[in-house]
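The following report describes a protein chain for a reader who works with atomic models. It goes through selected local features and then through the packing of secondary structure.

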Amino acid sequence: MARDLLSRYIWIIDTIRRYRCISFEQLKERWTQSPFSIQGETIPRRTFYSYRQAIMEVFGIEIRYNPSTFEYYIEEQTDASRHGASVTDWLLNSVATNSVVSESHLIASRIFLEDIPSAREHLNIVIDAIKCNLPVRFDYAPYTRVNPSRDVVVEPYFLKLFRQRWYMTGRNVSDNKIKTYALDRIVKASMLPDTFEVPADFDAAQYSSDSFGVIFSMGEPHDIRLRVGSKRAKYLRTLPLHHSQNEYVHDGFSIFTYRLRLTPDFVSEIVSMGSEVKVESPGQLRAMVVDQLKNTLKNYE
């Protein structure tokens, strides 16, 4: 029931945002065409008021009423953190997409979505463990080892979605080190009854802020400059590689700057863009990219 309520809240937010301003009568009409309407039933005004209050409490998003036009509109809190806003937007986008696809079942064979295997089995367990501060026990079978690690116990601190995989980061109890685990390599996960406390000085957003992907502890962050062709620059402009991205436009190319750790996943991202991107600095990153390109070419010699 809680999941269904969350979907309803997000549907209301998404609908009001799409219309910018909407009357209650218009909202009721849209509701009858949503997955939440049973046999064309509308949403009662009292229920809408209840949802409106819950949306403010859960998301920090205020739905305001304009008595001059008899319309509702969205006003979000301006002091919401960038990370909190991104999580809310991700939820909104996910549920909005699900709602649109559900309403388009007649053309389902012509809609293709990316699969996220790790979300099906272990995501709910890890989310519940994070909410309740409960350790998780599991076997772990990474691609780099033949035999899995048995009975790993981790106190989960946060989750990150990257490249269609969910990753859990937390304290490995036996090693007393913060480590990251891919959920799709976890086997037989279960929660343990003893609660734990996240260290008061641990900030998940700060811990992960200088990483491109899910490698959080490799060296110090560097100032990075990439020379990018004008065509690729358009893609990076609309879908930045990292929140630290800045662009300086020149004739025929742009310089993109970042503040990041020099990790293998970031090197692979640069290589994947081919000749459209050139590392200007630092020299260490240039060398890493050249090494990966040379190793790739060896496969064709």
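## Backbone, sheet and helix contacts

Arg20 lies in the loop between helix H1 (2–19) and strand S1 (22–23). In this model, which is predicted, Arg20 has a positive phi of about 70° although it is not a glycine. With a relative accessibility of 67%, Arg20 counts as exposed, because the cut-off for that class is over 50%.

Another non-glycine residue with a positive phi is Arg163, where the angle is about 55°. Arg163 is placed in the loop between S5 and S6, and its relative accessible area of 47% makes it partly exposed. A positive phi near 85° is also taken by Gly252, in the hairpin of S10 and S11, which has 2 residues between the strands. These three backbone angles are set out below with the location of each residue.

| Residue | Phi | Location |
|---|---|---|
| Arg20 | about 70° | loop between H1 and S1 |
| Arg163 | about 55° | loop between S5 and S6 |
| Gly252 | near 85° | hairpin of S10 and S11 |

The two strands of that hairpin, S10 (residues 246–250) and S11 (residues 253–260), run antiparallel and are joined by 5 bridges. Within this pairing, Glu247 has Phe256 of S11 as its bridge partner.

As a whole, the protein chain contains 10 helices and 12 strands. Of its 301 residues, 36% count as buried. Among the contacts in the chain with a separation of 6 or more, 58% are between residues that are 24 or more positions apart.

### The five-stranded sheet

An open sheet is formed by 5 strands in the order S7-S6-S5-S4-S8, and the pairing is antiparallel. Its edges are strand S7 (177–182) and strand S8 (186–191), each of which pairs on one side only. From one strand to the next, the twist averages 40°. At the S7 edge, strand S6 (residues 165–172) pairs with S7 in the antiparallel sense over 6 bridges, and in this pairing the bridge partner of Arg171 is Ile178 of S7. Helix H6 (residues 123–132) packs on the sheet, where it touches strand S4 (136–140), strand S5 (149–162), S6 and S8. The direction of H6 makes about 85° with that of S5.

Two residues of this sheet, one in S6 and one in S7, may be considered together. Thr169, found in strand S6, has a relative accessibility of 1% and therefore counts as buried, the limit for that class being under 20%. Leaving aside residues up to four places away in sequence, Thr169 touches Pro156, Tyr157, Phe158, Ile178, Lys179, Thr180, Tyr207 and Phe216.

One of these contacts, Lys179, belongs to strand S7 and counts as partly exposed at 29% relative accessibility. With the same exclusion of residues up to four places away in sequence, Lys179 touches Met168, Thr169, Gly170 and Asn172. The C-alpha atoms of Lys179 and Glu155, which are 24 residues apart along the chain, are separated by 10.0 Å. For residues in such elements, it may be kept in mind that side chains in a regular strand alternate between the two faces of the sheet.

### Helices H9 and H10

How do the axes of helix H9 (residues 264–272) and helix H10 (residues 283–298) cross, and at what angle? They come within 10 Å of each other and cross at roughly 65°, so H9 and H10 are roughly perpendicular to each other, given that this class covers angles of 65 to 115 degrees. The crossing of H9 and H10 is right-handed. On the H9 side, the contact is made by Phe266, Val267, Ser268, Ile270 and Val271, while H10 contributes Leu285, Met288, Val289, Gln292 and Leu293. Sorted by class, the residues in the contact of H9 with H10 are 8 nonpolar and 2 polar, with no charged residues.

Ahead of H10 there is a further backbone feature, a cis peptide bond that joins Ser281 and Pro282, with omega at about 0°. Pro282 is found in the loop between strand S12 (277–281) and H10.

Methods: Residues are numbered from 1 along each chain as its sequence is written. This is a predicted model: local features need pLDDT of at least 70, side-chain atom pairs count only at pLDDT 80 or more; totals for chains, interfaces and linings use all residues. Side-chain values use heavy atoms; hydrogens and water are left out. Axes are lines fitted to C-alpha atoms, for helices over the stretch in contact, and angles run from 0 to 180 degrees between N-to-C directions. Helices (H or I, at least four residues) and strands (E, at least two) are DSSP runs, numbered from the N terminus. Angles under 35 degrees count as roughly parallel, over 145 as roughly antiparallel, 65 to 115 as roughly perpendicular and the rest as oblique. A crossing is left-handed if the near helix is turned anticlockwise from the far one by less than a right angle, and right-handed if clockwise. Contact means heavy atoms within 4.5 Å. Ala, Val, Leu, Ile, Met, Phe, Trp, Tyr, Cys and Pro count as nonpolar, Asp, Glu, Lys and Arg as charged, and the others, Gly among them, as polar. Two strands pair if DSSP finds at least two bridges between them. Buried means under 20% relative accessible area, exposed over 50%, partly exposed in between (1.4 Å probe, protein chains only).
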